[in-house]
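Hi,

Here is the structure I promised to send over. Have a look first, and then see my notes below.

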Amino acid sequence: EQLKESFIGHYDKELGFVVSVAGVKSIEEGTIIPGDGAAYYKSNFKLVVWKPELQELVYGTIAEITSFGAFIDLGAAQGMIHISQTMDDYVSFSKTNTLQGKASKRILKKDDNCVARIVAISHKMGEPKIGLTMRQPGLGNVKWIEEDRVKTKKEAEKVAKSEDKKVEKKKK
């Protein structure tokens with residue numbers, strides 16, 4: 001329990017974010033330091049960590065929408081998506097705390113599940129600031145990704161039918 005309290009949520013530039021204590025291999029006898037009153041134990045343990053990497057795909061939930069973009073909860077950390085990186089469209093911030101694309105009419109709101117790519121990591125002040133984008137194919141709100149997949153499949157079927165008709169005409 002002490003290891004969990006001490007390490008979970010901790011960030012180290014070399015290791016990344018500590019997500020969990022996976023197990024304790026060994027605990028040696030404790031040492032009491034005069035005047036301190038606490039016992040200290042040398043221990044060997046395993047940690048589960050996540051170290052964000054540039055170009056990594058991440059899955060998360062929109063935690064907050066602001067006039068300049070959105071914050072996405074990545075589990076161990078939070079990333080920021082600038083308004084210009086939310087979708088391939090002119091995006092505006094609405095009074096209902098959503099971001100809406102002008103042409104696509106797509107809306108990004110709190111609690112939406114999204115897939116994004118890490119494009120920037122800054123270590124200037126303790127925990128890193130993680131910059132994200134969703135302006136690439138296969139990224140964005142999970143609902144948009146599914147809509148695009150269905151649309152692409154229908155277009156491919158339409159092209160295949162058209163090709164089949166051309167082949168039939170040539171045979172006749």
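From the N terminus on, the order of elements is α-β-β-β-β-β-β-β-β-β-β-β-β-α, which makes 2 helices and 12 strands. Keep in mind that this is a predicted model.

The overall shape caught my eye. The radius of gyration comes out at 24 Å, whereas the globule rule gives 16 Å for 172 residues, so the protein is more spread out than a compact globule. The C-alpha trace spans about 95 × 45 × 25 Å along its principal axes. Of the 172 residues, 26% count as buried. As for contacts with a separation of 6 or more, 50% of them come from residues 24 or more positions apart.

Now to the inside. The largest nonpolar core has 25 residues, and Trp50, Leu108, Leu132 and Met134 touch the most other members. Strands E4 (57-66), E5 (69-73), E10 (113-122) and E11 (129-133) are the elements that give two or more residues to this core, with E10 giving the most, 4 residues.

Trp50 is worth a click. Leaving aside neighbours within four places in sequence, its contacts include Leu15, Gly16, Phe17 and Val19 on the N-terminal side in numbering, and also Ile118 and Ile130. Val58, Leu74, Ala76 and Ala77 are among its other partners, as is Glu56.

On the outside, the protein exposes about 12100 Å², with carbon and sulfur atoms supplying 53% of that. There are 29 positive and 24 negative side chains, and the centres of the two sets lie 12 Å apart.

Cheers

Technical notes
Residues numbered from 1 in each chain as written. Predicted model: local features only at pLDDT ≥ 70, side-chain atom pairs only at ≥ 80, totals over all residues. Heavy atoms only, no water. Core = buried A, V, L, I, M, F, W, Y, C linked by side-chain atoms within 4.5 Å. Buried < 20%, exposed > 50% of the residue type's maximum accessible area, 1.4 Å probe, protein only. Contact = heavy atoms within 4.5 Å. Rg over C-alpha atoms; globule rule 2.2 N^0.38 Å. Areas by Shrake-Rupley, 256 points an atom, 1.4 Å probe, with all protein chains shown as cover. Lys, Arg positive; Asp, Glu negative; His and termini not counted. Charge placed at Lys NZ, Arg CZ, Asp CG, Glu CD.
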